[in-house]
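Work through the exercises below with the sequence and the 3D view open. Try each task before reading its solution.

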Amino acid sequence: MLSFYNNAWPILREKKIPFKDFIQNMEIIGVGEMIINSVDRDGLMEGFDYDPYLEAQKIVTCPLVAVGGAGDPKHSSNLINKNFSGGLGASSIFHFTQFT
């Protein structure tokens with residue numbers, strides 16, 4: 001399976017496969033969980049981009065982990081308050097803020 005993921009990414013980007021189709025296919029091939037990173041927000045500590053996480057939650061049944069954007073504890077609670085039931089990941093908040 002690992003070789004599939006390593007070889008598939010360039011093809012997925014080139015063909016511009018929609019997010020919805022991509023995550024549906026990942027669940028079909030049997031991934032156990034998905035870590036979804038909003039790379040546009042990663043490291044900025046300006047809050048999560050809610051849309052991809054909430055959209056993914058509607059589409060797949062496997063566990064989800066949202067990462068990319070947390071800079072304040074309220075960012076995590078805001079995502080939870082939008083009924084996101086997956087896990088939350090954070091890093092910069094613990095390295096570069098008073099929440100260390």
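**Exercise 1.** Does His75 count as buried or exposed?

*Solution.* The model is a predicted one. Start by locating the residue: His75 lies in helix α4, which covers residues 73-81. Next, take its relative accessibility, which is 11%. Buried means under 20% relative accessible area. His75 therefore counts as buried.

**Exercise 2.** Find what surrounds the side chain of His75.

*Solution.* First look for a polar partner: the His75 side chain reaches the backbone nitrogen of Gly71 at 3.0 Å. Then leave out residues up to four places away in sequence and list the contacts of His75: Met45, Glu46, Gly47, Phe48, Gly69 and Ala70.

**Exercise 3.** Repeat the analysis for Ser92.

*Solution.* Ser92 belongs to helix α5, residues 92-96. Its relative accessible area is 17%, and the cut-off for buried is under 20%, so Ser92 is buried. Not counting residues up to four places away in sequence, Ser92 touches Gly43, Met45 and Thr97. Met45 is thus listed among the contacts of His75 and among those of Ser92.

**Exercise 4.** Which strands stand at the edges of the sheet, and why does each have one side without a neighbour there?

*Solution.* Begin with the order: the open sheet has three strands, β1-β2-β3, with parallel pairing. The edges are taken by β1 (34-37) and β3 (87-88); each has a single partner strand, so one side of each has no neighbour in the sheet. Now examine one pairing: two bridges join β2 (residues 64-67) to β3, and these strands run parallel. Across this pair, Ala66 stands opposite Leu88 in β3.

Technical notes. Residues are numbered from 1 along each chain as its sequence is written. This is a predicted model: local features need pLDDT of at least 70, side-chain atom pairs count only at pLDDT 80 or more; totals for chains, interfaces and linings use all residues. Side-chain values use heavy atoms; hydrogens and water are left out. Helices (H or I, at least four residues) and strands (E, at least two) are DSSP runs, numbered from the N terminus. Buried means under 20% relative accessible area, exposed over 50%, partly exposed in between (1.4 Å probe, protein chains only). Contact means heavy atoms within 4.5 Å. Two strands pair if DSSP finds at least two bridges between them. A polar contact is a pair of N or O atoms within 3.5 Å; within protein, one must be able to donate a hydrogen and the other to accept it, and residues adjacent in sequence count only if both atoms are side-chain atoms.
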